[in-house]
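Q: Please take a close look at one single part of this protein. Start with the whole chain, then zoom in and tell me what surrounds that part.

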Amino acid sequence: MQVFFYHMADYVRSGGIVMFPILGVSLVMWVLIFNRVMFLRRLHVRNIPRDEAGKMVRDNLWPDKGLKGANAALVRAFLARRSRVHDPELDNNILDEAVMALNASLDRHLAAISVLSAVAPLMGLLGTVVGMMQTFDVITIFGTGNARAMASGISVALVTTQTGLMISIPGLYMSGWLNRRAANLKQRIAATGMYLKRYLQPGDPIQMKGSTPC
């Protein structure tokens with residue numbers, strides 16, 4: 001392990017000062033990616049059937065706290081906004097608002113991930129320019145006879161370019177994957193919202209039942 005960290009530290013040093021913003025971009029991008037992966041995963045697991053979600057909406061019952069799926073999240077979002085006045089038209093608008101709010105939460109950070117994955121190779125290009133300028137400075141002062149000094153600038157150019165591409169390629173892949181997964185979930189949530197509207201029937205003023213919202 002010590003040998004690995006030694007080689008990593010040597011690799012970062014060989015890329016010069018441009019490596020630090022590149023690594024910072026990578027760190028922020030992967031933190032956001034893991035955040036979105038865990039969030040979208042929660043909406044896929046332990047979901048409740050639409051029929052059960054409809055009965056909860058009709059009876060004003062909150063889903064169990066252990067249920068994390070998209071349908072349960074939509075029921076919670078609706079019940080949290082629902083008024084005590086049992087007005088189907090008002091509930092219909094509130095359900096639409098809950099669907100839009102939940103769908104908007106799916107897009108959170110996705111644009112930032114796309115931007116960061118596109119910025120990484122540009123930072124690598126900046127390192128290329130810096131490295132070539134260092135190389136030309138050495139050539140201007142010592143000519144082409146000092147290969148050791150020239151190698152430092154070339155190393156900066158190549159290492160930063162390589163690092164930028166290594167960060168960008170998986171970042172772009174994950175950005176596309178997350179966008180497709182979010183689009184799929186948004187369609188499911190919108191369809192569930194349309195289905196739940198059949199349970200919004202006129203009746204007596206709502207009595208709070210079940211567990212309290214978490």
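A: Buried residues make up 37% of the 214 residues in the protein. Here, buried means under 20% relative accessible area, exposed means over 50%, and partly exposed lies in between (1.4 Å probe, protein chains only). This is a predicted model: local features need pLDDT of at least 70, side-chain atom pairs count only at pLDDT 80 or more, and totals for chains, interfaces and linings use all residues. Residues are numbered from 1 along each chain as its sequence is written, and side-chain values use heavy atoms, with hydrogens and water left out.

The pLDDT is the predictor's confidence in each residue, from 0 to 100. The protein has a mean pLDDT of 87, and 94% of its residues reach 70 or more. Over residues 210–214 the value drops below 50. That stretch still has 7 contacts in the model beyond near neighbours in sequence. A contact means heavy atoms within 4.5 Å.

Next, the overall layout. The protein has 7 helices and 0 strands. Both kinds of element are DSSP runs, numbered from the N terminus: helices are H or I with at least four residues, strands are E with at least two. Along its principal axes, the C-alpha trace spans about 90 × 35 × 20 Å. The radius of gyration is 27 Å, whereas a compact globule of 214 residues would have one near 17 Å. This radius is taken over C-alpha atoms, and the globule rule is 2.2 Å times the number of residues to the power 0.38. Among contacts with a separation of 6 or more, 74% join residues 24 or more positions apart.

Now zoom in on the loop between H5 and H6. His109 is found there. Its phi is near 75°, a positive value in a residue other than glycine. Most residues other than glycine have a negative phi. His109 counts as partly exposed because its relative accessible area is 31%. Which residues does His109 touch, leaving aside neighbours within four places in sequence? They are Leu32, Asn35 and Arg36. His109 and Met29 are 80 residues apart in sequence, yet their C-alpha atoms are 9.4 Å apart in space.

Asp107 sits in this loop too. It forms a salt bridge with Lys186, and the closest N and O atoms are 3.0 Å apart. The pair links distant parts of the chain: Lys186 lies in helix H7, and the partners are 79 residues apart. A salt bridge is a side-chain nitrogen of Lys or Arg within 4 Å of a carboxyl oxygen of Asp or Glu. By this rule the count comes to 6. Why can such pairs form? Side chains of opposite charge can pair when their charged atoms come close. Asp107 is partly exposed because its relative accessibility is 36%. Lys186 is partly exposed as well, at 25%. For contrast, take Arg82 and Asp91. They meet in a salt bridge at 3.2 Å, N to O, and both are buried.

Step back along the chain to Leu106, in helix H5. Leaving aside neighbours within four places in sequence, Leu106 is in contact with Arg36, Phe39, Leu40, Leu43, Ala182, Leu185, Lys186 and Ile189. So Lys186 appears again: it bridges to Asp107 and touches Leu106, and it counts as partly exposed.

Leu106 also belongs to the largest nonpolar core, which holds 44 residues. A nonpolar core is a set of buried Ala, Val, Leu, Ile, Met, Phe, Trp, Tyr and Cys residues joined through side-chain atoms within 4.5 Å. Leu106 is one of the members that touch the most others, along with Leu43, Leu74, Phe78, Ile113, Ile189 and Leu196. Helices H2, H3, H4, H5, H6 and H7 each give two or more residues to this core.

Helix H2 completes the picture. The contacts of His109 include Arg36, and so do those of Leu106. Arg36 is one of the buried residues of H2, which also include Leu32, Phe39, Leu40 and Leu43. The buried residues of H2 pack against H1, H4, H5, H6 and H7. Among the elements, H2 has the highest mean pLDDT, 93.
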